[in-house]
Amino acid sequence: MIPLTLSSPSLNRLVLLSSRYSHSPFLRNFKSLPLSHRKLPYIPPFGVRCHVSSSSSSSFTAKSSKEIRKAQTKVVVDEKLSSIRRVFSDPGVGIDAYIVPSQDAHQSEFIAECYARRAYISGFTGSAGTAVVTKDKAALWTDGRYFLQAEKQLNSSWILMRAGNPGVPSASEWVADVLAPGGRVGIDPFLFSADAAEELKEVIAKKNHELVYLYNVNLVDEIWKDSRPKPPSKQIRIHDLKHAGIDVASKLLSLRNQIMDAGASAIVISMLDEIAWVLNLRGSDVPHSPVMYAYLIVEVDQAQLFVNNSKVTAEVKDHLKNAGIEVRPYDSILQEIDSLAGRGAQLLMDPSTLNVAIISTYKSACERYSRKSESEGKPKTKFTDSSSGDIPNSSGIYMQSPISWAKAIKNDAELQGMKNSHLRDAAALAHFWAWLEKEVHTNANLTEVDVADRLLEFRSLQDGFMDTSFDTISGSGANGAIIHYKPEPESCSRVDPQKLFLLDSGAQYVDGTTDITRTVHFSEPSAREKECFTRVLQGHIALDQAVFPEGTPGFVLDGFARSSLWKIGLDYRHGTGHGVGAALNVHEGPQSISFRYGNMTPLQNGMIVSNEPGYYEDHAFGIRIENLLHVKDAETPNRFGGATYLGFEKLTFFPIQLKMVDVSLLSDTEIEWLNSYHTEVWEKVSPLLEGSTTQQWLWNNTRPLAKP
């Protein structure tokens, strides 16, 4: 899957913090909003989805965006828009516009179905987008991956805003311009980070508009009513210590030391993967991510987990009790924040991820209790901001969550689990690809969805399999150029043996998380396809072999993966690598490998990153080669300035299709790398395939590549 790429030039200034997955174009228009390197690409150009022809041939047809728009000339009355606008004037609401982002209350990348509010109100189901509804207009912002999809799914009541295109205003700028002066813009404060809300407030204030926090009502929920899906209720499970590597008590001790070092007395954590990691728990509330909806407050002498009690088994309850953690109702988080302020607690909070409902509640409570203390003649409490030292402030301590860094640097048990799960995953992939290569030539009706479903079946047979780590990207021909393509049963293509096929997939195992992309041709690739593939492979090899001083940020390495493409004037518009969690989220920060120079996070021993350069030719094909890598110390004959040098160790072991390689372009060193890699693949994976015909397939696909 692909690292985050932003198309808007206004977003060059980025401060990347751990797991700050602000997945909305609305939020991404805020210059200082922390973002992370997801695999999700925000990339023009956007390829077209090819539809299966009704004829017996394998031809495809593609409609342009203009053709699709022309077909949507019928004016419709959008009942959902009418309903939500009626709520604008309800008592306690009183707004002129309402903004609906993609996020849940935890700024999650993937969200539960019941929180897909933007998709419900707009009809647009892409993973990134922001809807803005006024009394007479409705607009949706999304990025280049989804322009075509949005054109198909939005009715004529909606304006499509192609984020990143020249002349397209941000959502905040647009709503500020279309409202009459003195307008009131409403948001659900649980769905916006404090940073995002503050910057929205500043933008609209320039036009004399007011930002209104609607704590007690979400307007989409009001009209969704009984048809809204129920919240997830699956039970939480304990993440075994043999996979976690560090017990909860030790993690809490380290976290409490960092809290005290920062001058705080407690920390509020809302990022779901951070909570799961600290508590050695896993859940099933969010698709593809083994996390549960919860908040965590850790004080110096106690801790509280705010979660739906029905998800907590007796075993999990004992696990938490042994760690000194009290279970509280999920919806009581604001009451506890208020109570902490009343007790004079100095809260450590990350405003880039913590929702503004929590931070605003804390600020208001601090001010209220401060006024009460003053009226009673008590000294005023001082609060600190870690960026400026001991300065009187009414907002606590703001800094990056210390958990993000600790989680990113894997311990020995986590690394071993990642290695083990990748080998089992490779065995499943070998069985799958052996089946697919045979099937694609005999089953003329094999679709992209069929392929994704069959891959899931093979993976589910492996020990410890839990789920996919993201929606499988299964793209034949032109669909492979749609970088974040998701095949749908009603519109997907057949797998054409005469075209390139790109498969980007991953799995969640009890001991690790996988993510791999391979691009293949089932017949004979063209010279153009082979050259492009080979140059992508050269970039992949260059990054894999990189050695660099400790303290080097990922953007320094990004050019290694692009250099071969650059030599012939080609490139790709997405990052090269993202962090990956250990039996956690497939997208993890704070590290990345990307051309976005704003992320100064240095790569460190123990981190895991993806290596996934690519190339995409619109309406023709897409190419990507992806392995996961472990950052480790490198042995060098010298250590200039006493520096420690780092390199990479491969976690992914699966063949790279040799027929796609133009050997004449490879150096001897590159040929040696490819042959050595395939030798490793055979030695590590073949023992898992003993007694099966798949072992012969693996042998055929790991043979040495001869020099020209």
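In this predicted model, a good place to start is N280, which sits in the loop between α11 (272-279) and β11 (281-282). Although N280 is not a glycine, its phi is positive, at about 50 degrees. Most residues other than glycine have a negative phi. N280 counts as buried because its relative accessibility is 3%, under the 20% cut-off.

N280 also leads to a lysine. Among the residues that K251 touches, not counting those up to four places away in sequence, are I246, W277, V278 and N280. K251 itself belongs to helix α10 (residues 248-261). This lysine is buried yet has no salt bridge. The nearest side chain of opposite charge is that of E414, 5.0 Å away; a salt bridge would call for a side-chain nitrogen within 4 Å of a carboxyl oxygen.

The nonpolar interior comes next. The largest nonpolar core has 150 residues, and L279, L305 and W433 are those with the most contacts inside it. Helix α16 (residues 412-439) gives the most to this core, contributing eight residues. A second, separate core of 28 residues includes V87, F88, W158 and L219.

L305 deserves a closer look. Leaving aside its neighbours within four places in sequence, L305 is in contact with I275, L279, L281, A294, Y295, L296, L320, I325, E326, V327 and R328. Several of these names return in the strands described next. Strand β13 (residues 303-306) runs parallel to strand β14 (residues 325-328), and four bridges join the two. Within this pairing, Q304 stands opposite E326 in β14. Together with helix α12 (residues 314-322), β13 and β14 make a right-handed β-α-β unit.

Further along the chain, the backbone offers two other points of interest. A583 lies in the loop between β24 (577-579) and β25. For A583, too, phi is positive, at about 55 degrees, although this residue is not a glycine. With a relative accessible area of 3%, A583 is buried. The other point concerns P590, which is found in strand β25 (residues 588-593). The peptide bond that leads from G589 to P590 is cis, with omega near 5 degrees, whereas most peptide bonds are trans.

Note on methods:
Residues numbered from 1 in each chain as written. Predicted model: local features only at pLDDT ≥ 70, side-chain atom pairs only at ≥ 80, totals over all residues. Heavy atoms only, no water. Core = buried A, V, L, I, M, F, W, Y, C linked by side-chain atoms within 4.5 Å. Buried < 20%, exposed > 50% of the residue type's maximum accessible area, 1.4 Å probe, protein only. Contact = heavy atoms within 4.5 Å. Lys, Arg positive; Asp, Glu negative; His and termini not counted. Pairing = 2+ DSSP bridges. Right-handed = clockwise from strand over helix to strand, strands pointing away.
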